[in-house]
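Visitor: I am new to reading protein structures. Could you walk me through this one?

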Amino acid sequence: MRLIVHNQQGGTVELKDVSSPTLMVAIRDAGLDLTAQCGGCASCGTCHVYVDYSWAAKLKPRSETEDAMLDVVEGRRESSRLSCQIELTEDLDGLAVTLAPGSGFA
């Protein structure tokens, strides 16, 4: 599986041969600077990403918990998701995301 991760400054990293269970773990395991303070419990919002609009329909809908946490993060957009809540499946091969303010690599 392949993932494309953009930062807020325009940098891009392509992650190849990803086998992580969630997007958050893939980004963190790649050594990118993603805080992910709660470790994937959807209780902190520090793994906030913007999902490229072309991928939105392929993701499971936000849970009530994820939606509530996104209400308190900086810079929420229609495309906002918590990367810990995005389960990686073969359908998401090539997924492109941008790290939100405060959660990205330099």
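**A walk through the sheet**

Guide: Let's start in the sheet of this predicted model: β1 and β5 run parallel and are joined by four bridges.

Visitor: Which residue in β5 stands opposite Ile4?

Guide: We have just met β1 and β5 as parallel partners. Look across from Ile4 into β5, and the residue you find there is Ala96.

Visitor: In what order do the five strands form the sheet?

Guide: The sheet is open, and its pairing is mixed. The mixture shows when you compare neighbours: β1 and β5 run parallel, while β3 and β5 pair in the antiparallel sense. Reading across the sheet, the order is β2-β1-β5-β3-β4.

Visitor: Which strands stand at the edges?

Guide: An edge strand here has a single partner strand, so one side of it is left without a neighbour in the sheet. The two strands in that position are β2 and β4.

Visitor: How many degrees does the twist average from one strand to the next?

Guide: The five strands form an open sheet, and you can follow how each one is turned relative to its neighbour. From one strand to the next, the average twist is 35 degrees.

Visitor: How many bridges pair β3 with β5?

Guide: Strand β3 covers residues 48-51, and its pairing with β5 is antiparallel. Two places to look are Val49, whose bridge partner is Leu99, and Val51, which stands opposite Val97. For the pairing of β3 with β5, the number of bridges is three.

Visitor: Is β5 mostly covered or mostly open, and how many of its residues are buried?

Guide: In the strand order, β5 stands between β1 and β3. The strand is mostly covered, and of its five residues the number buried is four.

Visitor: Which residue takes a positive phi in the hairpin of β1 and β2?

Guide: The two strands of this hairpin pair in the antiparallel sense over four bridges, and His6 stands opposite Thr12 in β2. Between the strands there are five residues. The one with a positive phi, near 95 degrees, is Gly10.

**Charged partners**

Visitor: How far apart are the closest N and O atoms of Arg2 and Glu14?

Guide: Arg2 lies in the segment before β1 and Glu14 lies in strand β2, so their pair ties together parts that are 12 residues apart in sequence. Arg2 is partly exposed at 35% relative accessibility, and Glu14 is partly exposed too, at 38%. They form a salt bridge, and the distance between the closest N and O atoms is 3.6 Å.

Visitor: Which residues are joined into one network by salt bridges that share partners?

Guide: Asp67 and Arg76 meet in a salt bridge at 2.5 Å, N to O, and Asp71 forms one with Arg76 at 2.6 Å. Asp71 is exposed, with a relative accessible area of 55%, whereas Arg76 counts as partly exposed at 31%. Sharing partners in this way, the network consists of Asp67, Asp71 and Arg76.

Visitor: How many salt bridges does the count come to?

Guide: We have met Arg2 with Glu14 and the pair of Asp67 and Arg76, which are among them. For the structure, the count comes to five.

**Cysteines and a buried serine**

Visitor: How many disulfides does a search of the whole structure find?

Guide: A disulfide needs two cysteine sulfur atoms within 2.5 Å. The sulfur of Cys47 is 3.7 Å from the closest cysteine sulfur, in Cys84, so that pair is too far for a bond. Over the whole structure, the number of disulfides found is zero.

Visitor: Is Ser83 buried or exposed?

Guide: Ser83 lies in the loop between β4 and β5. Residues it touches include Thr22, Leu34 and Val49. A residue is buried when its relative accessible area is under 20%, and because the value for Ser83 is 0%, Ser83 counts as buried.

Visitor: Which residue has its backbone oxygen 2.9 Å from a polar atom of the Ser83 side chain?

Guide: Among the residues that Ser83 touches are Met24 and Cys47. One of these, itself buried with a relative accessible area of 3%, places its backbone oxygen 2.9 Å from a polar atom of the Ser83 side chain. That residue is Cys47.

Key. Residues are numbered from 1 along each chain as its sequence is written. This is a predicted model: local features need pLDDT of at least 70, side-chain atom pairs count only at pLDDT 80 or more; totals for chains, interfaces and linings use all residues. Side-chain values use heavy atoms; hydrogens and water are left out. Buried means under 20% relative accessible area, exposed over 50%, partly exposed in between (1.4 Å probe, protein chains only). A polar contact is a pair of N or O atoms within 3.5 Å; within protein, one must be able to donate a hydrogen and the other to accept it, and residues adjacent in sequence count only if both atoms are side-chain atoms. Contact means heavy atoms within 4.5 Å. A salt bridge is a side-chain nitrogen of Lys or Arg within 4 Å of a carboxyl oxygen of Asp or Glu. Two strands pair if DSSP finds at least two bridges between them. Axes are lines fitted to C-alpha atoms, for helices over the stretch in contact, and angles run from 0 to 180 degrees between N-to-C directions. Lists of a residue's contacts leave out its neighbours within four places in sequence.
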